[in-house]
Amino acid sequence: MPPPQDGVHDSAVRAALLPPPAPRRAAVRLRPLPLLLLIAAAFAASYHLLFHLSPAPSYYQSLLSLGSNDTAAAHLHALTIRPHLAGTGANALAAAHVASALSSHSFPTRLTSYSVLLSYPAHRALSLSAPDRDTVLFALKQETYAGDPYDAVSAEAVPTFLAYAASGSVAAEAVYANYGRAEDYAYLAARGINVTGKVAVARYGKVFRGDIVRNARDAGAAAAVIYTDAKDYAAGKAFPDGPWMPPTGVQVGSTFKGVGDPTTPMWPSSEGCERLSIAEAMSSDDMPGIPALPVSWKDGETILQLIGGDVAPKDWQGGDGAAAYRIGPGPAVLNLTYIGNETMVTIQNVISVIEGREEPDRYVILGNHRDAWTFGAADPNSGTATLLELAQRLSELQKKGWRPRRTIILCNWDAEEYGLTGSTEWVEENRAMLTSRTVAYLNVDIAVDGYGFYASATPQLDELLKEASKQVQNPDNGTQSLYDLWMASNSSPLIGRLGGGGSDYSAFVQHIGIPSVDMTIGSDYAVYHSLYDDFIWMEKFGDPLFQRHVAVASMWGLVALRLSDEEILPFNYSNYVTELENGALGISETVLGMSVSLSPLHKSIEVFRKAVLKVDSELKALQTWKIWAPWRNNPLKVREINDRLMMTERAFTDREGLSGRPWYKHLIYAPSLHNDYGAQVYPGVDDAIQRAKKINTSESWQSVQHEIYRVSRVINQAALVLSGGLT
């Protein structure tokens, strides 16, 4: 809520609350109003002045009423005319479209460029041979369909590949490794299957593709092939007749386990900066280190049919009707060649600013990436179209007289698909300003890819998300709210946590400790990262009426307005206490019977709980003063408590970062060590436990204890920040 202007609210409310001055002369004695009547009158006056004259609620309703599915559809169509991989001319044109759309609303807009290392395929080949069988030469091409309106421009798509895979040629027996997880390779080892020097064949799902290849490398494999199993990706009619992956569809993607530009680890790719050489960057442990290729479910089935050996376990098998999967090794021999072209390329972030009126030095940042492996209708341009649709609404609000209390920054990132590159470089370059000024980061990657609302957040934003979702209409049911749709999604937990490395929130949360949100309508979709993620797929299956795009824009915008416009930040740290307690419970179960004490962790959580109770009491007092005694409203006190609410998340970071993973500074949330997509609570402790269980020495368990102390220290620091006191 904006502060009173020119003392009007203060004087009016004071006049309502205070008794009138006694007249100098009075013909008759005036009887005082009964106390209850006076209080009622005061409340009515203050309520009217503080709420009915406040512009914020009416602007919230205007934002919700201004949605346009035509606007979202038009932007999505324009953005997906051609494949637009990062570093290509088509992606530069997409950047120009975004910049033009934002500039047309008179929002100051600029392009921020970085020179970064990207990876493209120079040569690929894969063949299969087996005794008494003809050699199969795989085409490694995604086929278009009859009448495909994008048939001609599909040739512009970069051939199927895995970015940053090592160059080389391997001819070796194939071994089936299920989903390629660490536990899958442990199972193979337990069965006496030697993967060393072989070609590991694994299916997509469960873990990040970079972990699939890395796990193969660590098990001794010379190369890896990842395919899309029909069980997971072709469970119904294939596109264009249905939403599922066609037989030749291939999920491409990056295998880089790091974050940002590989030549500038831990620092920004600014002009003239220090850099690793390309050879040094490619030899990093974050790179897969072996040749690898992705293939379709059709090609994957062909390979599996020629792998012999023992029958794989039941949970390693394909769908109904599929031939039995066997482990190998051999007799099938795969001959794989991959030659990559790793080169320095210029990428472009688009940054647009709506400056705040009262607190221009406080930022609410909204972000989405633009680059796509092919057409990218769902991933990511449903989010880009939604961002531009929301920008249109914010422009309309400005015409009605609205201006945010705090600055809103709209960001469109580049090269996210390679390793969250554009957002990471921007955060690293602007680290000092962002850590001191950012209220929250609101991310939408894939805005729409189906049905059902899903959200992840740092815990202090949980209640804000729930409240906002109750005000947004369910796009598929006009009598329900988005909250109703959310409750029906049966997602567990209801609100996910932002520990995984799946999108651009990573640098904000895990590197510098910014409260953040990630939202989407839909969950996993079958044509992910394939040639078939185009406008036709979205129009037929993802969001035929584009109402889901409108709903995401409404939710995104409403959360942004509340964070940018409310005088007191709508943060609630109560859920953080529960989150910390649940994480401690998980650790206690894991270290049961070991000489590890969780007492420091439990004590720090209790200190944090008391800090939450203290700030909650202060917030209630501030809200009471706003209604009953506005003359006691102290802008400096409001600013001070807002700073505490904003900076508490920063206190969960540690400057040294996780042991062995120093870029990840947040000690509460980070990706799982063996699955970059998975969110891990207390990641440093979990990393240490995994190491200790492998080597089981007293020193390794002392390392676990050390990590518990480290986490305890940052929780104590967060409690100090939230309570606003010094020791």
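Helices and strands here are DSSP runs, helices of at least four residues and strands of at least two. With that settled, this is a predicted model, and I have three items.

The annotated region comes first. An unreviewed UniProt entry carries the annotation "domain: PA" for residues 171-251. In the model, that stretch is 28% helix and 20% strand. Its end C-alpha atoms lie 23 Å apart.

Next, the strand pairing around E1, residues 109-129. E1 runs antiparallel to E9, residues 333-354, and 20 bridges join the two. At one end of E1, Ser129 sits opposite Val333 of E9. E1 also pairs with E2, residues 136-137, again in the antiparallel sense, through two bridges. There, Ser127 of E1 has Leu137 of E2 as its bridge partner. Six residues separate the strands in the E1 and E2 hairpin, and Asp132 has a positive phi near 60 degrees.

Last, a helix pair. Two packed helices are described by the angle between their axes and the distance between those axes. For H4, residues 69-79, and H11, residues 381-399, the angle is about 135 degrees and the axes are 8 Å apart. Angles over 145 degrees would count as roughly antiparallel and 65 to 115 as roughly perpendicular, so H4 and H11 are oblique to each other. The crossing of H4 and H11 is right-handed.

Which residues make the contact? From H4 they are Thr71, Ala72, His75, Leu76 and Leu79. H11 supplies Asn381, Ser382, Thr384, Ala385, Leu388 and Glu389. By class, the contact of H4 with H11 has five nonpolar residues, five polar and one charged.

Key
Residues numbered from 1 in each chain as written. Predicted model: local features only at pLDDT ≥ 70, side-chain atom pairs only at ≥ 80, totals over all residues. Heavy atoms only, no water. UniProt positions renumbered as here; feature names shortened; annotations may be inferred. Pairing = 2+ DSSP bridges. Axes fitted to C-alpha atoms, helices over the stretch in contact; angles between N-to-C directions. Parallel < 35°, antiparallel > 145°, perpendicular 65-115°, else oblique. Left-handed = near helix turned anticlockwise from the far one by under 90°. Contact = heavy atoms within 4.5 Å. Nonpolar A, V, L, I, M, F, W, Y, C, P; charged D, E, K, R; others polar.
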